[in-house]
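Student: I have a structure to read, and I am new to it. Can you take me through its features, one at a time?

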Amino acid sequence: MTASPAFAGDASAGSDVFKSECAECHSIKEGRNKKGPSLFGVVGRKAAAVPDYEYSDALRAQSAWVWTPEQLHSYLGQPAKRANPGTKMKYDGLNDPKQLDDLISYLGTLH
Amino acid sequence: MLSLPYRRMARRTRNMTVLYGVGAAFSLACTTAQAIPVYARQTGSACADCHAGSYGPALTPYGMRFKLNGYTDTDGKGFKLPVAAQLIGTRNVPARGESSNRLTEADVYLAGRLTDQVGGYVKVSSNNDGHNRFDTKLSDVDLRFVAKELKLGGKDLTLGVSVNNNPGFQDPIAALPGASSLGPPGVTGTVLNPSSPNAPANRVIGATVYGLYDSRWYGEAGTYNSLQRSTQDRLGYNPNGDPGKLHDTGYVRFAYMRDLRRQFFSAGVVALSTKRELPRTGGPKDKLTDLGYDLTYQYLGNREHIVQLSYVNILEQRKYGSLPTPLAKPRGTVHDQVATAAYTFKQSYTLLVSHMVSTGSRDDGRFFPYGVPNTTANLISLYWAPFGKDDSYTAMANLKLAANWFRFTRFNGASDNIFGAPGTNARDFNAFSITASVAF
């Protein structure tokens, strides 16, 4: 059995990627929302599932989405407006594959 | 012409005004445009998301976007009371004169989002006059209407209008003296430098239209009118600092900026042109044209170590409307330059060094006694701001302790005997201060 490619990253390096790419809009504290929802426990969570965050209609419409490593890889690897037209999220995407793997590995530690 | 005793009295009064002005200018540099918790409450963000040090004032690229978006970004959790306050206590140790310990400033901020498209920043400042009486004045104002998330040619476009009272304060990159409050405090200076005598800062009202295209190209244009002397007085400003009646004033700004997440850089140009009637006697006007450029760089990395560098260079061309003495020249130039480097560790500890130079073309009829107004000064500051970060105990309040050293090596064209007669040297303006600031 091989590990999922999305978890092949270095979570420690991913922490730095998070601080430079995500931390302005997302907190890792449970229940603390900024412009974006808390990313505590994001891996494995259903999309638009943080109860006290006001999501865009565009993300609420993706009721089948679950933030698996593969889904995060696809979502974060391109501009958010392309991945989910109509989203509130303003992000141009992370096009460095290693940083993306590191970041997703780090997000997987937030439990 | 004034008789000799009156000329001496007038000169002594002018010198005292200069001394007061220098102190006020550096006080401004220490305390203006700080991070205010109302924005943190509104957005759910930490102060350190928008400012390199968690108490400000230097903006990160994220802070620039917040400003460009008209201070309207929100966490979506309803209306937040747009009010904050700040208290500043200072231990001041001037090179000449008595040391003091005072509550130096009490401020109220009305700031934040009114609607999705309207927001602002208004600071009402109360300053200790040295006798524990507080003079209240309307400080910086920046009210905005913004249209966000527009598209032009498939690229993002933000358009806005800023109504403000300090040319340059509204700038998103915030390196211009109006925004950074770092400008050489000399006997003269450019219009864009709030530390210049009779600067328009806070004594004018203007409107500019701005746009940001593709998150990179920034353009802005607008105009300003000076407030009546009586209005300046009512707003808390001594009419002696009147910038005069301004006519045909235009402000233009272009900049290119790149936010690379771990780094940021920008290059910009700025121009301000006006005809100034000072004093307001209906007499001749001075034609003043400021032309400047600014360069900035930020290394942000993972926010553990942040380095911010900026350089601002503003040349003012003057065509004087009158000749106060036979030796005065009809034209001249003044040149203000500011280079600033700041290092911030863990978003809490900041060391800032700023080198400020003001020079001017020779004019024996205007700049007594040496014919040149040249000033060189430094500000060295060390801050500690323990709160205002993502992992801080509270986002409701913030604290900053700062040690500041103001240093002059040249003033009014000389290092020693700066007013001609022996007695006053540039280093007499040096001062060391320790400030404690609390915002809530």
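Tutor: We will go through the interface, the salt bridges, a helix, a surface patch and some backbone details. Keep in mind that this is a predicted model.

Student: Let us begin where the chains meet. How much area is buried between chain B and chain A?

Tutor: The size of an interface is often given as the accessible area lost when the parts come together. Here that area is about 1,900 Å². Carbon and sulfur atoms give 34% of it. Chain B brings 22 residues to the contact, and chain A brings 20.

Student: How many salt bridges cross the interface of chain B and chain A?

Tutor: Eleven, by the rule used. The whole structure, over all chains, has 33. To read one, look for a side-chain nitrogen of Lys or Arg within 4 Å of a carboxyl oxygen of Asp or Glu. Take A:Glu24 and B:Arg261: their closest N and O atoms are 3.7 Å apart.

Student: Where do A:Glu24 and B:Arg261 lie?

Tutor: Both are in loops. A:Glu24 sits between helix 1 and helix 2 of chain A, and B:Arg261 sits between strand 8 and strand 9 of chain B, so the pair joins two chains.

Student: Is A:Glu24 buried or exposed?

Tutor: The cut-off for buried is under 20% relative accessible area. A:Glu24 has 8%, so the residue is buried. B:Arg261, at 17%, is buried as well.

Student: Which other side chain meets A:Glu24 in a salt bridge?

Tutor: That of B:Arg303, with 3.0 Å from N to O. Now widen the view. A:Glu24, B:Arg261 and B:Arg303 belong to a network of salt bridges that also links A:Glu21, B:Arg65 and B:Asp259.

Student: What about a salt bridge inside one chain? How far apart are the closest N and O atoms of A:Asp102 and A:Lys98?

Tutor: They are 2.7 Å apart. Now count along the helix. The two residues are four apart in helix 5 of chain A, which means about one helical turn separates them. A:Asp102 is buried, at 4% relative accessibility.

Student: And in chain B?

Tutor: Try B:Asp364 and B:Arg362, whose side chains meet at 3.3 Å, N to O. Here both partners are partly exposed: B:Asp364 has a relative accessible area of 34%, and B:Arg362 has 46%.

Student: Back to helix 5 of chain A. How many of its residues are buried?

Tutor: Eight of the eleven, so the helix, residues 97-107, is mostly covered by the cut-off for buried. Among the buried ones are A:Leu100, A:Leu103, A:Ile104 and A:Tyr106.

Student: What covers the buried residues of helix 5 of chain A?

Tutor: The cover includes helix 1 and helix 3 of chain A. Then follow the chain past the helix. A:Thr109 is in the segment after helix 5 and is partly exposed, at 45%. A:Thr109 and A:Ser15 are 94 residues apart along the chain, yet their C-alpha atoms are separated by 9.8 Å.

Student: Which annotation covers residues 9-111 of chain A?

Tutor: An unreviewed UniProt entry gives "domain: Cytochrome c" for them. Over that range the chain is 37% helix and 0% strand. The end C-alpha atoms are 17 Å apart.

Student: Now the surface. Which residues make the nonpolar surface patch?

Tutor: B:Leu143, B:Phe145, B:Val161, B:Val163, B:Ile205 and B:Val209 make a patch of about 460 Å². Strand 4, strand 5 and strand 6 of chain B each give two or more residues to the patch. B:Leu143, for one, lies in strand 4 and is partly exposed, at 39%.

Student: Last, the backbone. What should I look for?

Tutor: Most residues other than glycine have a negative phi, and most peptide bonds are trans. Look for departures from that.

Student: Where is phi near 60°?

Tutor: At A:Ala48 and at B:Tyr71. A:Ala48 is in the loop between helix 1 and helix 2 of chain A, and is partly exposed at 21%. B:Tyr71 is in the loop between helix 4 and strand 1 of chain B, but is buried at 5%.

Student: Which residues does a cis peptide bond join?

Tutor: One joins B:Leu278 and B:Pro279, with omega about 0°. B:Pro279 is in the loop between strand 9 and strand 10 of chain B. The bond from B:Phe368 to B:Pro369 is also cis. B:Pro369 lies in the loop between strand 13 and strand 14 of chain B.

Notes:
Residues numbered from 1 in each chain as written. Chains lettered and ligands numbered in written order. Predicted model: local features only at pLDDT ≥ 70, side-chain atom pairs only at ≥ 80, totals over all residues. Heavy atoms only, no water. UniProt positions renumbered as here; feature names shortened; annotations may be inferred. Patch = residues over 30% accessible without salt bridge, like charges linked within 9 Å, V, L, I, M, F, W, Y side chains within 5 Å. Areas by Shrake-Rupley, 256 points an atom, 1.4 Å probe, with all protein chains shown as cover. Buried < 20%, exposed > 50% of the residue type's maximum accessible area, 1.4 Å probe, protein only. Contact = heavy atoms within 4.5 Å. Buried area = accessible area lost by both parts, 1.4 Å probe.
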